[in-house]
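Hello,

Here is the structure you will be working with. Please open it first, then read the notes underneath.

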There are 2 protein chains.
Amino acid sequence: MTRLKNDTLIRALLRQPTEYTPVWLMRQAGRYLPEYNQTRSRAGSFLGLCKNPGYATEVTLQPLARFELDAAILFSDILTIPDAMGLGLYFAEGEGPKFERPLREEWEIRDLAAPDPGVELRYVIDAVGEIRRALAGSVPLIGFAGSPYTLACYMVEGGASDDFRTIKTMLYARPDLLHHILEVNARAVTLCLNAQIEAGAQAVMIFDTWGGSLSHAAYREFSLAYLQRIIAGLKREHAGARVPAIVFTKGCGNWLEDIAAIGCDGVGLDWSVDIGEARARIGNRVALQGNLDPAVLFSPVEVVERETEKILASFGYGGGHVFNLGHGISQFTPPENVKILVDCVHRASPRYHGNNANTRAS
Amino acid sequence: MTRLKNDTLIRALLRQPTEYTPVWLMRQAGRYLPEYNQTRSRAGSFLGLCKNPGYATEVTLQPLARFELDAAILFSDILTIPDAMGLGLYFAEGEGPKFERPLREEWEIRDLAAPDPGVELRYVIDAVGEIRRALAGSVPLIGFAGSPYTLACYMVEGGASDDFRTIKTMLYARPDLLHHILEVNARAVTLCLNAQIEAGAQAVMIFDTWGGSLSHAAYREFSLAYLQRIIAGLKREHAGARVPAIVFTKGCGNWLEDIAAIGCDGVGLDWSVDIGEARARIGNRVALQGNLDPAVLFSPVEVVERETEKILASFGYGGGHVFNLGHGISQFTPPENVKILVDCVHRASPRYHGNNANTRAS
């Protein structure tokens, strides 16, 4: 495969020196872009986009054509894995993802098996290969999956939930059943991420969107332990290059030290924690990714720039920071504000790197 | 007024010695109780309950008739204050609270004024007096209000929100407007809590349900600063007794030290933080209230007891703990599990107090 022309993201995740702070945005290919919505209507649906490698490649590249992003991220959905397990993913209009057959009965749970990514998730792996070819080494491609616990939330609840009553009832009343689901999910995620790496993903990220809804003790037992298991099972080298792994638990500010200890290269931060304080706590072990409140992108230019610069300054001098939002970009974001953000990171960050940084830090 | 027969809650909040750990539950008068639902249908609606002191008294006392709770909490709603400001509170079936006239225009915001609790919130103050008389000194009555930022979320969004897009756009683009709303809200909350104290509330609590959705910096500027202002303006003594004040921000684990510094007596904890760690961080300055995951109450008896005992053990020996859930009780909770929880706290906690505690701690 082609050598990377811009490997700033990879070096930042490995806490190596970079010339500036790399930037990409969670959900950077998405509904805030008119060209995305056009492709989506051609595809007929969101799942139509995910399941067609040609469309997935097209929308993955769209934000890179507009903005000087330092990474592409595979266009897909975390729920493709449970869909491949046979749960029947669908999107009810205006209601978010749902499963036709949520996991409730013990026999259904006992029957659950990790899908073969080369078969049931072929379209994901094909998309990774096609996107890599289309990128032609310009920037790295990030592969991803959902965390075992976050996937289980949707699989057990049957969709989004505001109280997670069904899965938490299972967690406290039948932890054995939940552990079984999580084991299968961890195996499925490991297989899928490794297949993405073999197909060309140059970094991988695990999204633990709902781990933060757990108690401190339950988080460690039911989410973090499985994240650790996945990290231990990942191919961390491919085609002669190190493949960094990022873990993101929304609402993880209390638990940073525990997350940093599971062997990942990068930890994603939401906006509830000051990135400078997070660096002081765990920056000697992992790179940090984040942490702008996505709502800042609804603001005037000067506010977008001010809030962006605050995060760069709070992280401070030297490598190990990947600029990002603290959660996925909102569909209501004006695209021109994304350009302001990306350009601001590139313009304002070099002073924290290279010779400037050495001079200032000494 | 009658002297308190059971002042365990008050002493625990003031970090004075107690014989056991007092317990009450957020939203303890609520839909999980069949008798509550009966009164509610007689009243015609939730607002009908809130606005009628007789009904409010009836439902406030219902959980005390079933369980050996160490406090009553006024039955009311945090949105009665913005309703009294003229925003037109209503409850759409199955959709939660809404305002007919959300705050969007600058002139509407400039016109906002704190209601006179003796006039526009007369029904709240009357309920406090009536409940105090009905309690006859058995246990203390807790008064409450919403935090200025949490109220503003509903006032600006017009109802519940999953992204707080409207208020956060205001926060970043027009902070002056949001600060004006928050100043009026802080004044209104201070007036209302002081009126509740004069009418007989023996402790007060401020619910900051949505402060945790803010960035670390925005939380301090737009939520905590106004909580501090309220605490500074509260009557902390009434009828010869100290009136403790509790502050609860959901999702506050990162910010405990800052909350403990604003002058409150107690800090409410959700379930994302270990109460023993929280005590080590701020327990020399404030009492702690919490922090059982409400979902534990969907579990079998032995799990309810085990998780309850874990929290008592994690807090450890000595006073300064008020047992509670980490958020409001779910409407799907089996009432018999509440009895198990309350009885477990009373049975298992004395070993951490009094002579036992002195012996064990020495």
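**The A–B interface**

In this predicted model, 25 residues of chain A are in contact with 25 residues of chain B. On the chain A side, the most comes from helix α9 (residues 165-173), which gives five residues. The chain A residues that touch chain B divide into ten nonpolar, ten polar and five charged.

**Tyr36 in chain A**

Take a look at Tyr36(A) next. Tyr36(A) sits in helix α2 of chain A, which covers residues 34-43. Is Tyr36(A) buried or exposed? Tyr36(A) is buried, because 21 other C-beta atoms lie within 10 Å and the cut-off for buried is 20 or more.

Which residues does Tyr36(A) touch, leaving out those up to four places away in sequence? They are Ala29(A), Gly30(A), Arg31(A), Val59(A) and Gln62(A). Leu49(A) is 13 residues from Tyr36(A) in sequence. Their C-alpha atoms are 9.9 Å apart in space.

**The sheet in chain B**

Chain B has an open sheet of seven strands with parallel pairing. The strand order is β1-β4-β5-β8-β9-β10-β11. Which strands stand at the edges? They are β1 (72-73) and β11 (321-325) of chain B. Each has a single partner strand, so one side of each is left without a neighbour in the sheet.

Further in, look at β5 and β8. Strand β5 (residues 203-208) of chain B runs parallel to strand β8 (residues 245-249) of chain B, and five bridges join them. To find one residue pair there, start at Ile206(B): its bridge partner in β8(B) is Val247(B).

Best wishes

How values were computed:
Residues numbered from 1 in each chain as written. Chains lettered and ligands numbered in written order. Predicted model: local features only at pLDDT ≥ 70, side-chain atom pairs only at ≥ 80, totals over all residues. Contact = placed C-beta atoms within 7 Å. Helix = DSSP H or I, 4+ residues; strand = E, 2+ residues; numbered from the N terminus. Nonpolar A, V, L, I, M, F, W, Y, C, P; charged D, E, K, R; others polar. Buried ≥ 20, exposed ≤ 12 C-beta atoms within 10 Å, placed from the backbone. Pairing = 2+ DSSP bridges.
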